[in-house]
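Me: Could you take a close look at the largest nonpolar core of this protein for me? Which residues have the most contacts inside it, and which helices supply it?

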Amino acid sequence: MTTKDAIRERLRSELDRAATVRSGLASDKKSAARRLALRSWQAERLARTYADLLAHPRYKATATFFLSDLYGPRDLTQHEEAVRRLLPTMEKLLPEAGLETVADAIELSALSETLDAAVIGALASAAVNTIDATAYAKAYARVGQRGERERQIRLIGALGRSLDALTHHPLIGATLSMMRLPAKVAGLGDMQSFLERGYTAFRGMNGAEEFLSIVETRELALLDALIRGDASELELLMRRQ
């Protein structure tokens, strides 16, 4: 099996996982609103956690990309069949680093959907739309799955490094432009836009390691507290102006 074959199989597996999670959420009429409420609250938490990076001239574009595309309400896996149809085109046009970026993005999106669904289930139904630090920490601890949480953080780093690697690949900007039309026709405009925005953000940063190290360190520290149900750090964070 070639590297591209392995990446293709990984993509299919993660698309299947995301479809299964979404199917379960679809059975609950309130699930979409609950998912949006949770992700909106998480986005606010992240904006506070990384306020310094969002204000930093070098990191602002990349931090904004992370908050809007990796933790926002977008779901890169919602068009599974379209992604599968476009795979042959992506294999022809993208280098392995590009396919790895897509695979990392799909796996992160699928894993985030899985973990968010578990947190929604652990929150009292009335608390989903009025989330606070204490309720979130309790639900987070109830769900547990430390290994999956650590995997989520590692995927963020892997995806960032994949995007950074793309910025050093010859002609990748032109390649992404070539993919724009077939992606749009296949219904994958969101995925195409994701790749282009990520490429642009990381290219402008001129080196991702310091940024990614900051993100991984902060997220792992918060994970350690939340997995114990300790909301103290999160409460302080959410009270900041």
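Reply: Here's a walk through that core, with a little background to begin.

Keep in mind that this is a predicted model, where local features need pLDDT of at least 70, side-chain atom pairs count only at pLDDT 80 or more, and totals for chains, interfaces and linings use all residues. Residues are numbered from 1 along each chain as its sequence is written, and side-chain values use heavy atoms, with hydrogens and water left out.

The protein has twelve helices and zero strands (DSSP runs numbered from the N terminus: H or I of at least four residues for helices, E of at least two for strands). Of its 241 residues, 50% are buried, meaning under 20% relative accessible area with a 1.4 Å probe, protein chains only.

Now the core itself: 39 residues make up the largest one, and F66 and F211 have the most contacts inside it. A nonpolar core here is a set of buried Ala, Val, Leu, Ile, Met, Phe, Trp, Tyr and Cys residues joined through side-chain atoms within 4.5 Å. At least two of its residues come from each of α1 (3–26), α4 (60–70), α5 (80–93), α6 (96–122), α8 (146–166), α10 (189–205) and α11 (209–226). The largest share, eight residues, is from α6.

Apart from this core there's another, with 22 residues, including I120, A133, L222 and L226.

Zooming in on F211, leaving aside residues up to four places away in sequence, it touches L53, Y59, T62, A63, F66 and M205 (a contact being heavy atoms within 4.5 Å). Across the protein, 84% of contacts between residues at least 6 apart in sequence join residues at least 24 apart.
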